[in-house]
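Me: I would like to go through this model term by term and ask why each label applies. Where should we start?

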Amino acid sequence: MMAGPGIEEEKLCFQCEKNPRIEGNPLCKHCAEEYPLCFQCGERERNQPFKLCLQCYHGARDGAAGIPRVPSLLEQSKESGAVSTSDDGASTDEPDKVLHRLSKGQGTYKDVVAHFIKEWVKLTPKCPVAPKPLAVYAVCNPSIVKTFQKYGEHIRSSGTVSSNSDRFFHGTKLLCDLLSADEACSQPDCGICGVCRKGFDSSLIGTNISRFKRFGHGIYLAPNSSKCHDYTQGVEEYDIRAQLLCLVACGEKCELIHDNTELKQPPLNYHCVYGKSARGGSLNYDEIVVYDAQAVLPQYVVVYRHNGVDKIAK
């Protein structure tokens with residue numbers, strides 16, 4: 001666990017230990033912009049450009065947990081040109097670019113890559129290590145953010161639970177040469193790019209990769225990147241696959257260990273189903289299912305190469 005930085009007497013940056021610190025700050029100018037974690041808890045990603053994550057902010061304010069106000073890189077992407085602004089500097093809500101490629105030196109890039117590798121838990125003699133990502137893209141789409149925020153506020157307003165959120169992976173088709181284009185394509189069957197441009201769409205469930213639905217008609221994600229790999233697919237010409245790292249407004253989870261294929265919405269008084277692997281249960285690895293597309297915010301696209309391009313799930 002990386003602890004949040006504190007003010008120290010040394011003059012070198014707390015993070016890189018190379019550059020001089022900003023006056024009154026433990027970090028240099030570069031690391032102050034790139035440091036990915038909350039300065040208070042040192043665990044969750046901070047709500048950039050602010051120093052705290054939303055959980056710590058709401059905890060300090062009124063003890064209530066909340067979902068992030070914006071995706072973590074939205075403000076940063078304005079500076080890079082990923083989000084257009086009007087003459088007075090206001091966001092136009094329509095990004096010039098939906099995807100913003102992160103540099104390998106960015107703290108957020110390192111955090112996403114480390115998370116992807118850590119959650120690749122399904123190792124085999126033929127594949128003893130996790131694949132190393134080739135690129136990470138931040139999804140910068142304000143319209144999707146708005147619907148996600150609205151859903152989170154709906155959960156909070158219910159008064160039954162806090163709108164707790166967590167990160168999960170989602171695997172689907174990638175049909176374009178994303179590494180060369182550096183932008184989401186407009187092909188109707190490219191699942192990765194379609195989600196980045198328009199968000200998740202409940203009417204398209206199962207159309208990209210038709211599979212058995214253990215917990216009914218919903219949007220499936222998982223904490224493990226290795227599990228989601230089984231649901232990815234590419235094309236031979238480009239020889240790459242991709243996964244989405246998403247923020248999910250979980251709300252109240254209904255934990256199940258056995259199949260319930262007839263579900264079309266979460267059980268009464270719950271907001272999602274969390275399939276948990278357990279002795280005697282149906283699952284080998286955990287997964288989460290939401291039944292409202294607004295509950296999922298795609299934040300990053302992780303591009304990698306592993307086992308060719310054909311889906312391998314049975």
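Reply: With pairing: two strands pair if DSSP finds at least two bridges between them. Strands here are DSSP runs of E with at least two residues, helices are runs of H or I with at least four, and both are numbered from the N terminus. The model is predicted, so local features need pLDDT of at least 70 and side-chain atom pairs count only at pLDDT 80 or more, while totals for chains, interfaces and linings use all residues. Residues are numbered from 1 along each chain as its sequence is written, and side-chain values use heavy atoms, with hydrogens and water left out.

Me: What makes S7 and S8 a pair?

Reply: Four bridges join them, and the two strands run antiparallel. Four meets the requirement of at least two, so S7 and S8 pair. Valine 273 stands opposite valine 289 in S8.

Me: Which way does S8 run relative to S4, and how many bridges join them?

Reply: S4 and S8 are antiparallel, with three bridges; again the count satisfies the definition, so they pair. Isoleucine 219 has valine 290 of S8 as its bridge partner.

Me: Which residues of S8 point which way?

Reply: Ile288 and Val290 point to one side, Glu287 and Val289 to the other, and all are buried (under 20% relative accessible area; exposed is over 50%, partly exposed in between; 1.4 Å probe, protein chains only).

Me: Why are S1 and S3 called edge strands?

Reply: The open sheet has five strands in the order S1-S2-S9-S5-S3, with antiparallel pairing. Strands S1 (99-101) and S3 (165-171) each have a single partner strand, so one side of each has no neighbour in the sheet. From one strand to the next the twist averages 25° (axes are lines fitted to C-alpha atoms, for helices over the stretch in contact; angles run from 0 to 180 degrees between N-to-C directions). Within this sheet, S5 and S9 run antiparallel and are joined by eight bridges; one of these places leucine 245 opposite tyrosine 300 in S9.

Me: Which helices pack on the sheet?

Reply: Helix H4 (residues 107-118) touches S2, S3, S5 and S9 (contact: heavy atoms within 4.5 Å), and its direction makes about 80° with that of S9. H5 touches S5 and S9, at about 130° to S9.

Me: How do you know that the length of H5 fits a helix?

Reply: The expected span is 1.5 Å times one less than the number of residues. For the 17 residues of H5 this gives 24 Å, and the end C-alpha atoms are 25 Å apart, which agrees.

Me: What makes the largest core a nonpolar core?

Reply: The term means buried Ala, Val, Leu, Ile, Met, Phe, Trp, Tyr and Cys residues joined through side-chain atoms within 4.5 Å. This set has 44 residues, and Leu99 and Val301 have the most contacts inside it. Elements giving two or more residues include strand S2 (135-139), helix H5 (142-158) and helix H7 (191-198). S5 gives the most, with six. Another core, of 16 residues, lies apart and includes Leu102 and Tyr304.

Me: Why is aspartate 111 called buried?

Reply: Its relative accessible area is 18%, which is under the limit, so aspartate 111 is buried. This residue lies in helix H4. Its side chain makes a polar contact with that of arginine 167 at 3.1 Å (the limit is 3.5 Å between N or O atoms; within protein, one must be able to donate a hydrogen and the other to accept it, and residues adjacent in sequence count only if both atoms are side-chain atoms).
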